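Colleague: Please take a close look at a single part of this model, the place where its two domains meet. Which elements and residues build that boundary on the side of domain 1?

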Amino acid sequence: MKIAIIPGDGIGKEIIEQAKKVLKAASVKYKFDFEYEEVLLGGAAVDATGVPLPDKTVEVCKKSDAVLLGAVGGPKWDSLPSKLRPEAGLLGIRKALGVFANLRPAILFPELISASNLKPEVLGGGLDIMIVRELIGGAYFGEKNRIDIEGGKKAWDTISYTSFEIDRITRKAFEIARKRNNKLTLVDKANVLESSKLWREVVGNIAKEYEDVEINYMYVDNASMQLIRDPKQFDVILTENMFGDILSDEASMLTGSLGMLPSASVRGDSFGLYEPVHGSAPDIAGQNKANPIGTIMSVAMMLKYSFNMEQAYVDIKNAISKVLEEGYRTGDIALEGSKLVGTEEMGDLIVNNL
Ligand code: NAD
């Protein structure tokens, strides 16, 4: 396995170190070989090369089977023009790698139920929802404009999808549902939007090829309500770009902690870019305070989705659960009476349990 590793900025380096330890432990336990190359992105790349996405980074990532990314950005680079800002590197690498599907799991470990805003009875022993969001189409990329009209202005954005774009992500979502609980919900607004009607048509046709997966359809207004009312009814949610942007943030709040959540951006083959959902947390960078669990879960997702190692995913998740069960917490998820640990110790505890 060839892995490109991008520590990035802020807490990026600290959390990536813990993820590397887990990857190494997994390689011993499951007997696989991996090699990795570290490359620059974001502020670190600006400092070293003058640009946020050096050509070498793109080259190394393209030659790899998967990419693991920490986080980028920070106040030091905030005043740069937008094409030189760290975020431009992030968007640039996703685009260069052609990743069109964003997988955002909302996982709530049973031990952290009190961190959620929802009542424990609604959460019924934890949560594990996967949101599959289309990443490079829809309103954010469609035709947009602004014109002057008599007495005011007019602006518009266009939601546009081809059947090809819907087809490729739908197949991905069905495959993911097969690796989970065989349940897929398409979220759309097919009662009013033509693009949503096309989504339903394409998804409905592909569903015939995946009869083992239960398919449901839900309007986005209802879905946003159901996520709060009864989140456990969902397993995999498939949706277009803008709905996915909003629903994935809503779902992540159900879990109560940003530092715990992983994500993946994938395409039609087994390649993927894996990263925690949170940013570079400049307020706690370099202090051994960052929670490395989102990044470690990103490694687990990489082993599952890029390298087909389902058992490794389950074991890493269980190792994290065990550490939480024993009462260990980084500051962001600490409760009264928790055993407070730093980034490194949390990484070591998870490795020991694995
Ligand atoms: P952030 O996610 O970095 O931090 C928000 C809050 O959550 C902070 O208080 C931080 O200390 C805390 N936090 C985040 N991750 C944590 C972790 N692993 N452990 C413990 N606490 C954690 O968001 P922000 O403050 O809005 O952004 C900071 C920088 O990160 C900005 O430059 C922003 O552009 C960038 N950013 C990068 C990414 C990315 O690389 N994917 C995503 C979001 C923001």
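Modeller: The following account treats the boundary between the domains and then turns briefly to the ligand.

The model is predicted, so that local features need pLDDT of at least 70 and side-chain atom pairs count only at pLDDT 80 or more, whereas totals for chains, interfaces and linings use all residues. Residues are numbered from 1 along each chain as its sequence is written, and side-chain values use heavy atoms, with hydrogens and water left out.

The domain assignment, with bounds from an automatic or database source, gives domain 1 as 1–116 + 261–354 and domain 2 as 123–254. Their C-alpha centres are separated by 25 Å. Across the boundary, 26 residues of domain 1 are in contact with 24 residues of domain 2, contact meaning heavy atoms within 4.5 Å. The two domains bury about 2,200 Å² between them, and 58% of this lies on carbon and sulfur atoms; buried area is the accessible area (1.4 Å probe) that two parts lose on being put together, summed over both. On the side of domain 1, Phe100, Arg104 and Ala106 lose the most area to domain 2, together 33% of what that side buries.

Arg104 also takes part in a salt bridge, with Asp249, the closest N and O atoms being 3.0 Å apart. A salt bridge here is a side-chain nitrogen of Lys or Arg within 4 Å of a carboxyl oxygen of Asp or Glu. There are two salt bridges between domain 1 and domain 2, and the structure holds 24 salt bridges.

Between the domains there are also 13 residue pairs in polar contact, both residues at pLDDT 80 or more. A polar contact is a pair of N or O atoms within 3.5 Å; within protein, one must be able to donate a hydrogen and the other to accept it, and residues adjacent in sequence count only if both atoms are side-chain atoms. The elements giving two or more residues to this side of domain 1 are β4 (101–108), β11 (262–266), α10 (293–305) and α11 (310–325). Such helices (H or I, at least four residues) and strands (E, at least two) are DSSP runs, numbered from the N terminus. Strand β4 gives the most, with eight residues. By class, the domain 1 side divides into 15 nonpolar, five polar and six charged residues.

As for the ligand, an oxygen atom of the ligand is 2.8 Å from a polar backbone atom of Ala281, and a ligand nitrogen is 2.8 Å from a polar backbone atom of Asn291.

Technical notes
Nonpolar A, V, L, I, M, F, W, Y, C, P; charged D, E, K, R; others polar.
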